[in-house]
Amino acid sequence: MSSSLLKTSRGTWRHLKFFSLKWFLSNPLHPNPNPRTPLLNFNCSFHQCKNDRFSSFSRRQLDSPSGSGENVRFFGSQVGLAQPDEPSTSDGLTVEGIIRNNWSVLDESQSDWRSHASSIALSIQLIKKRLKWRKLLDSIEVLSAELNKPDIWEDAVKAGKLSREHGFLTGKMEEVRAFEQELLEHIDMIKLAQEENDKDLELESLNALMRVRRSLKEKELEALLSGEHDSCSCYIEVQAGAGGTESNDWASMVMQMYKLWAQRRGYEVTIVDEMPGEVAGIKRATIKVDGENAFGYAKAEVGVHRLVRISPFDSAKRRHTSFAAVAVIPIVGDGSTRVKINESDLRIERFRAGGAGGQHANTTDSAVRITHIPTGITASCQNERSQHQNKASAMAVLQSRLDQLEMARQAQMNAQHTQSLTDISWGNQIRTYVLQPYCMVKDLRTNYEVSDPYSVLEGDLDDFILKYLSISFDTANK
């Protein structure tokens, strides 16, 4: 047998022995007179094999004080054993037990499994807090009862919405449970490797713990997204403030920043509408960002963004201040829109789309602008070649804007959308970007700042978003 095959066989055998023991300890076929402790009653004879590397580990667990092997209690003397519905290691250690042990959390580069385990346990605890764990479990139970009613599908729209909500919450719960189980299994493997002096297995499990630790940092951010529409895709609108060409150029830079940010996160970006400036940049633009939690993250960017730089459009090389406003609208997309649009309330205008000119000039009136007469809200699209496609896209934007307006009115939160696009001036900014005479980007809501504005303009926004969402969550849950 080749050395590589032998190594693989030994590794497989190590894992098989561990999980066989784990199954043996938890197998419901064996009676347990006290289900709150892992007690096993049976008559057994353990094969005393001198060369079996697993036998010394197993015999210590099977030997009873009388030496008979009967009424054996596995790890029963340890404090803080798991409850029946709480995952634990083979010696009864739980996630809560790890937190109570108060192991030091060191840098990731330190090869200390207790440090990794403590960091993971604290992350799980924080995620549960942000998810409002007990409320989440209660909601799943209520939704399950609703979905089990025999007449639930008589209202297909309601049933579909309940089913999606149940699936979403259940997915959150199962994801946290999976991280708990993975943590505890790796701890078991490390302890087994140390007992058997297996350095390869110990290193493999240690690296696995480090990967879990890193993954949970991203999940901590996701757990901040608990709003009704946080999981939805969204539209991002950017509008230039007063200042002519300078502000138009800044609005174009802001829009490009969000395109790059969305692409970094793996979202699909589509240009819905764009009104170019007279010399450079844009007066207004709208993009559609498709992806899970797009609205939950992007909502942190709503407000006025201020730029300070030496203007490339000023021959005197003076320093200029420019403003651009950002609004974010969720795309509900489940048929549960709150506003019904009547055709009689719409004014539809068709016009020739703008472009680069020459062979790219549009020779037909394919662009569409739709105005909702009762509210005065407009939406336009000129990106598609077909007038029908432009109309459909404009209607989708208009529907989302009306839904957002209605939600804002009902929840008394109209400042998020309307104020961000109407009051674009000094004193209302949420973030300042300074390119000259020094370099800095500072969020005025959180006081978080960085000294590299160019990386931020290239889409590196996650730290700003995390800080804002964290402070908003803590403030709302005081």
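These legends walk through several close-up views of a predicted model. Local features need pLDDT of at least 70 and side-chain atom pairs count only at pLDDT 80 or more, while totals for chains, interfaces and linings use all residues. Residues are numbered from 1 along each chain as its sequence is written, and side-chain values use heavy atoms, with hydrogens and water left out.

**View 1. An open sheet of 8 strands.** Follow the strands in the order 4-5-3-7-6-11-12-13, and you will meet mixed pairing along the way. Helices (H or I, at least four residues) and strands (E, at least two) are DSSP runs, numbered from the N terminus, and two strands pair if DSSP finds at least two bridges between them. The edges are strand 4 (268-276) and strand 13 (449-450), each of which pairs on one side only. Inside the sheet, strand 3 and strand 7 run antiparallel and are joined by 8 bridges. Look for Gln239, which sits opposite Ala325 in strand 7.

**View 2. Two hairpins that share strand 12.** Strand 11 (residues 429-434) and strand 12 (residues 440-443) run antiparallel, joined by 4 bridges. They form a hairpin with 5 residues between them, and Tyr433 faces Val441 in strand 12. Strand 12 then pairs with strand 13 in the antiparallel sense over 2 bridges, where Val441 stands opposite Val450. This hairpin also has 5 residues between its strands, and Asn447 in the turn has a positive phi of about 65°.

**View 3. Glu237 and its partner Arg401.** Glu237 belongs to strand 3 (residues 233-240). With a relative accessible area of 5%, Glu237 is buried; here buried means under 20%, exposed over 50%, and partly exposed in between (1.4 Å probe, protein chains only). Its side chain makes a polar contact with the side chain of Arg401 at 2.8 Å. A polar contact is a pair of N or O atoms within 3.5 Å; within protein, one must be able to donate a hydrogen and the other to accept it, and residues adjacent in sequence count only if both atoms are side-chain atoms.

**View 4. Cys232 and Cys234, without a disulfide.** Why is Cys232 not bonded to Cys234? The sulfur of Cys232 is 9.3 Å from that of Cys234, its closest cysteine sulfur, which is too far for a bond; a disulfide is a pair of cysteine sulfur atoms within 2.5 Å. A search of the whole structure finds 0 disulfides. Cys232 is buried at 12% relative accessibility, and Cys234 is buried at 0%.

**View 5. The largest nonpolar core.** Such a core is a set of buried Ala, Val, Leu, Ile, Met, Phe, Trp, Tyr and Cys residues joined through side-chain atoms within 4.5 Å. Of its 40 residues, Ile236 and Tyr258 touch the most other members. Helix 8 gives the most to this core, with 8 residues. Leaving aside neighbours within four places in sequence, Tyr258 has contacts (heavy atoms within 4.5 Å) that include Ile236, Val238, Ile287 and Leu461. A second, separate core of 33 residues includes Ile124, Ile127, Leu169 and Phe179.

**View 6. Glu202 in helix 7 (residues 199-222).** Not counting residues up to four places away in sequence, Glu202 touches Ile190, Ala193 and Gln194. The C-alpha atoms of Glu202 and Ile190 are separated by 5.1 Å, although these residues are 12 residues apart along the chain.
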